[in-house]
Amino acid sequence: MSEPSAIDQVTLNAGDKAVTLPVARGTLGAPCIEIAKLPKETGCFTYDPGFTATAACRSAITYIDGDAGVLLYRGYPIEQLAKDSSFLEVAYLLMNGELPDKQAFTSFEHDVTHHTMLHEAFKGFLDGFRHDAHPMSMLVGMLGSMASFYHNDLDYDDPQQRRLAAIRLIAKLPTIAAACHRHSVGWPLRYPRNNLEYVNRFLHMMFEVPSGPLEINPVAAKALDLLFILHADHEQNASTSTVRLVGSTGANPYACIAAGVAALWGPAHGGANEAVLKMLAEIGDAKHVQSAVDRAKDKESGFRLMGFGHRVYKNFDPRAKIIREMCHQVLEELGVNDPLLEVAMKLEEAALKDDYFVQRKLYPNVDFYSGIIYKALGIPTEMFTVMFAIARTAGWVAHWLEQQEDPEFKIGRPRQIYTGHDVRDYVPVAKR
Ligand code: CMC
């Protein structure tokens with residue numbers, strides 16, 4: 001891991017005044033200039049659209065080194081967790097900071113398993129949606145309503161109630177997600193089965209039909225578990241920052257996670273896996289790949305290669321490396337021969353050797369491959385971002401829990417550079 005540089009303070013000359021700013025260090029990563037006293041000392045704010053240079057909190061959950069392609073959850077490399085852990089164990093790790101021993105894991109798994117059911121009134125919410133409603137809009141709506149079911153447990157000064165809310169969210173997300181899918185296809189809802197573990201239970205709720213038993217392919221379950229591990233957290237990304245911003249107001253955790261889901265929906269974030277599949281289908285044939293690459297390079301076209309590029313990973317996305325292998329394994333073992341995979345592989349090859357993409361360090365990201373795996377598992381395209389949301393809930397609740405105990409906890413309130421009119425007088429309509 002690269003050593004942080006030795007800077008321990010920075011002096012800024014603002015007019016005739018020199019302001020010395022302390023430099024904070026984490027355990028790993030770049031030093032951060034602490035600027036909180038700047039407005040008081042200089043009358044100036046800082047401007048950083050997209051927060052590309054700004055840390056918004058201290059966090060001990062996840063570390064990313066974008067240049068080196070490193071991703072750690074609580075210090076553990078993603079490669080090791082992907083190989084040997086499970087999603088539920090990773091969820092425990094993110095929430096609690098340490099890997100569980102056997103007893104702690106059994107108790108956590110028991111708690112999650114016994115909070116998977118939904119209040120029957122949720123069915124009424126679902127029935128209110130049109131059959132063709134996008135599952136992400138159903139998910140946001142259903143999550144937004146969740147606090148109304150637990151208004152007796154909303155004392156978030158109580159760590160037990162905070163933990164209960166986190167468990168409920170991790171437990172119920174798959175049940176809600178599967179219910180949204182079944183509403184779309186017109187199937188009767190399935191109750192969560194306590195004799196199945198997390199991923200198998202979800203696949204059962206998604207795909208079991210009244211007319212026949214469902215055999216869950218262990219390769220499908222393994223691939224899904226892996227995808228959930230890889231998507232579980234990614235430090236202060238747009239949706240997690242949204243959860244924290246909403247959380248900073250003291251809003252209840254269900255509202256915070258609903259806001260996180262809404263942020264995840266956008267195609268520049270979690271919506272990218274759905275956008276990748278749509279793009280591959282639009283390209284349609286491997287022989288059209290080069291023209292798609294050319295179009296992505298043409299700024300006038302407004303077209304970008306979905307699943308390429310990352311705000312933080314500027315060399316490679318370690319998750320994409322792991323998932324690429326799994327993608328091939330799934331397609332081989334499930335016997336899926338999908339022409340879109342050929343388009344995907346040609347696109348990957350063409351972009352990786354194209355100067356435009358090489359110079360800008362635009363590599364396939366995790367969503368480039370995850371969509372193909374989801375498709376192979378029979379998960380409809382509209383559900384892809386919902387799948388991401390199930391996994392990311394583990395990270396969101398971990399960040400929300402961490403924020404609630406943060407001694408520097410403050411309402412999030414960015415400033416702006418005002419570009420509107422100077423003061424002017426109101427003119428009554430008759431005189432305009
Ligand atoms: N296709 C073509 N050109 C691109 C692409 C792309 N996918 N991504 C970036 N560029 C170009 C961009 O036009 C710019 O060119 P120039 O320097 O000539 O102006 C340069 O690369 C830098 O782009 P940027 O927009 O400043 O980069 P960013 O760090 O702000 O954006 C991104 C990161 C992920 C939003 C962007 O790469 C993108 O839109 N990718 C496609 C959507 C996607 O796959 N999103 C999923 C991200 S991974 C999942 C997650 O963690 O949420």
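This report describes a small sheet, the surroundings of the ligand, and a set of salt bridges in a predicted model.

**The sheet**

The model contains an open sheet of 3 strands, which are arranged in the order β1-β2-β3 with antiparallel pairing. Strands β1 (9-14) and β3 (32-33) stand at the edges, and because each has a single partner strand, one side of each is left without a neighbour in the sheet. As a matter of background, strands of a sheet pair through backbone hydrogen bonds, and the pairing may be either parallel or antiparallel. Between β1 and β2 (residues 17-24), which run antiparallel, there are 6 bridges. Within this pairing Thr11 has Thr20, in β2, as its bridge partner.

**The ligand and its shell**

The ligand is surrounded by 22 residues, of which His269, Arg304, Leu305, Gly307 and Tyr356 come nearest. Sorted by character, the residues of this shell comprise 10 nonpolar, 5 polar and 7 charged. Arg304, one of the residues that come nearest, also places a polar side-chain atom 2.8 Å from an oxygen atom of the ligand. For Arg311, an N or O atom of the side chain is 2.9 Å from an oxygen atom of the ligand, whereas the contact of Ala268 involves a polar backbone atom, which lies 3.4 Å from a nitrogen atom of the ligand. On its own the ligand has 950 Å² of accessible area, and the protein covers 76% of that area.

**Salt bridges**

The structure holds 16 salt bridges, and the table sets out some of these pairs with their N to O distances.

| Residue | Partner | N to O distance |
|---|---|---|
| Lys123 | Glu120 | 2.8 Å |
| Asp317 | Arg319 | 3.0 Å |
| Arg324 | Glu348 | 2.8 Å |

How buried or exposed are the residues of these pairs, beginning with Lys123? Lys123 has a relative accessibility of 32% and therefore counts as partly exposed, and its partner Glu120 is also partly exposed, with a relative accessible area of 41%. In the pair of Asp317 and Arg319, Asp317 counts as buried because its relative accessibility is 3%, where buried means under 20%. Arg319 is likewise buried, with a relative accessible area of 3%.

The salt bridge between the side chains of Arg324 and Glu348 links distant parts of the chain, since Arg324 belongs to helix α14 (residues 318-333) and Glu348 to helix α15 (residues 339-352), with their positions 24 residues apart in the count. Here the two partners fall into separate classes of accessibility: Arg324, at 33% relative accessibility, counts as partly exposed, while Glu348, at 7%, counts as buried. Apart from these pairs, Glu34, Arg58 and Glu408 are linked in a network of salt bridges.

**Phe105**

A further residue to place is Phe105, which lies in helix α4 (residues 102-113). Its relative accessibility is 18%, so Phe105 counts as buried under the cut-off of 20%. Relative to Arg74, Phe105 is 31 residues apart in sequence, and the C-alpha to C-alpha distance in space is 17 Å.

How values were computed: Residues are numbered from 1 along each chain as its sequence is written. This is a predicted model: local features need pLDDT of at least 70, side-chain atom pairs count only at pLDDT 80 or more; totals for chains, interfaces and linings use all residues. Side-chain values use heavy atoms; hydrogens and water are left out. Two strands pair if DSSP finds at least two bridges between them. Helices (H or I, at least four residues) and strands (E, at least two) are DSSP runs, numbered from the N terminus. A residue is near a molecule or strand if one of its heavy atoms lies within 4 Å of it. A polar contact is a pair of N or O atoms within 3.5 Å; within protein, one must be able to donate a hydrogen and the other to accept it, and residues adjacent in sequence count only if both atoms are side-chain atoms. Accessible areas come from the Shrake-Rupley method with a 1.4 Å probe; for residues, only the protein chains shown count as cover. Ala, Val, Leu, Ile, Met, Phe, Trp, Tyr, Cys and Pro count as nonpolar, Asp, Glu, Lys and Arg as charged, and the others, Gly among them, as polar. A salt bridge is a side-chain nitrogen of Lys or Arg within 4 Å of a carboxyl oxygen of Asp or Glu. Buried means under 20% relative accessible area, exposed over 50%, partly exposed in between (1.4 Å probe, protein chains only).
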